[in-house]
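Thank you for making time this morning. I would like to walk you through one structure, starting with its sheet and then turning to a few residues and a cavity.

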Amino acid sequence: MKLTYIRWSMTIIDTNGLTIVTDPVFRMLGINQAPKSYTAERMPRPDLVFISHTHIDHFAPSVLKRLDPATPVWMPADKVNKASRLGLVKLRGVREWETVEFRGVQLTAVPAMHTGGELGLVVEGDRTVYFAGDTALDRELFRTIGRRWKLDAVLLPIGALRSMGVPFRHIGPRKAPQALRLLGEPRVVVPTHYSGMTLGPLMYFAGTPRKLSEAIHKAELGTIIGTSRPLEVVDL
């Protein structure tokens, strides 16, 4: 399995010959997002696209329109109507705890705690990885996931986003060790949701991979950080 963090919540999961792309976004409110060298033309042809929710920093209809219409696109069932006119013939709404076998890989949609209706995804291929999407620290949820699966890696949001000084419901480096411990201390964490979305002074990210590393070291966890910047590839 290979994991690549692109920007914000856009990641690429390669496993068992499948390429899964999560939350592909390249522009927001007309602004090209960093790293600007990674354009839509560089994105590999996905075997499946998973949309965690429909906030503008995670859901880009213009990107989905560029896909081959036969590309499977999965998103929360109660939001699927927002993509119903994009010409996607394999658009699928999924629900919390729904498990589907897709070309030999087990995919389970799991809840997330943000503003409502978000999902994460557990991928069981040659390794098992949890894409947490956009979520705050939910002890019961993470404890349940950690007991159900032996995770090799987690793609965990650590940006601790603030807008105009107001914190959103995200996991920052300070709470990340708690999340990782509840998840069973997976061997690798790939930090997400800390880089790539910029709207000038409106958005501020307190969390960084370096701060995450310091927090993990202080907590004496066995988890290692797989990447320290966008576009790095983790080979599990």
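Before the sheet itself, a word on terms: two strands are said to pair if DSSP finds at least two bridges between them. Helices (H or I, at least four residues) and strands (E, at least two) are DSSP runs, numbered from the N terminus. Please keep in mind that this is a predicted model, in which local features need pLDDT of at least 70 and side-chain atom pairs count only at pLDDT 80 or more, while totals for chains, interfaces and linings use all residues. Residues are numbered from 1 along each chain as its sequence is written, and side-chain values use heavy atoms, with hydrogens and water left out.

With those terms in hand, strand 11 and strand 12 pair in the antiparallel sense over 4 bridges, and they form a hairpin with 3 residues between them. Within that pair, Val 123 stands opposite Val 129 in strand 12.

How do these strands fit into the sheet, and in what order do its strands run? There are 7 strands in an open sheet, in the order 9-10-11-12-13-16-18, and the pairing is mixed. Strand 9 (99-102) and strand 18 (224-225) stand at the edges, each with a single partner strand, so one side of each is left without a neighbour in the sheet.

Starting from the strand 9 edge, strand 9 and strand 10 pair in the antiparallel sense over 4 bridges, and Phe 102 has Val 105 in strand 10 as its bridge partner. The hairpin of these two strands has 2 residues between the strands, and in it Arg 103 takes a positive phi near 50°. Strand 10 also pairs with strand 11 (residues 119-124), in the antiparallel sense and over 6 bridges, with Val 123 in strand 11 as the bridge partner of Leu 107. Further along, strand 12 (residues 128-131) and strand 13 (residues 153-157) pair in the parallel sense over 3 bridges, and here Phe 131 has Leu 155 in strand 13 as its bridge partner.

As for side chains, in a regular strand they alternate between the two faces of the sheet. In strand 12, Thr 128 and Tyr 130 point one way and Val 129 and Phe 131 the other way, and all are buried, where buried means under 20% relative accessible area, exposed over 50%, and partly exposed in between (1.4 Å probe, protein chains only). Strand 10 is mostly covered as well, with 6 of its 7 residues buried.

Strand 10 leads us to the cavity. On a 1 Å grid over the protein atoms alone, a cavity is a set of points where a 1.4 Å probe fits but cannot get out, and lining residues have an atom within 4 Å of a point. Grid points are joined across faces, edges and corners, and a volume is the space filled by probe spheres set on the points. By this rule the count comes to 1 cavity of 30 Å³ or more, and the largest cavity holds about 30 Å³ of space. Its lining includes Phe 50, Trp 74, Glu 98, Leu 107 and Leu 121, and strand 10 (residues 105-111) gives the most to that lining, with 3 residues.

Next, His 53, which lies in the loop between strand 6 (48-50) and helix 1 (61-66). Is His 53 buried or exposed? His 53 is buried, with a relative accessible area of 3%. Its side chain is joined to that of Ser 52 by a polar contact of 2.9 Å and to that of Asp 134 by one of 3.4 Å; a polar contact is a pair of N or O atoms within 3.5 Å, where within protein one must be able to donate a hydrogen and the other to accept it, and residues adjacent in sequence count only if both atoms are side-chain atoms.

Finally, two loop residues that touch each other. Tyr 194 lies in the loop between strand 16 (188-192) and strand 17 (203-205) and is buried at 9% relative accessible area. Gly 159 sits in the loop between strand 13 and strand 14 (161-163) and counts as buried at 2%. Taking contact to mean heavy atoms within 4.5 Å, and not counting residues up to four places away in sequence, Tyr 194 touches Gly 159, Phe 205 and Gly 207, among others. Gly 159 in turn touches residues including Thr 192 and Tyr 194, and the C-alpha atoms of Gly 159 and Thr 192, 33 residues apart along the chain, are separated by 7.2 Å.

Note on methods
1 Å grid on protein atoms, 1.4 Å probe; cavity = no way out; pocket = protein on both sides within 12 Å on 5 of 7 lines; lining within 4 Å.
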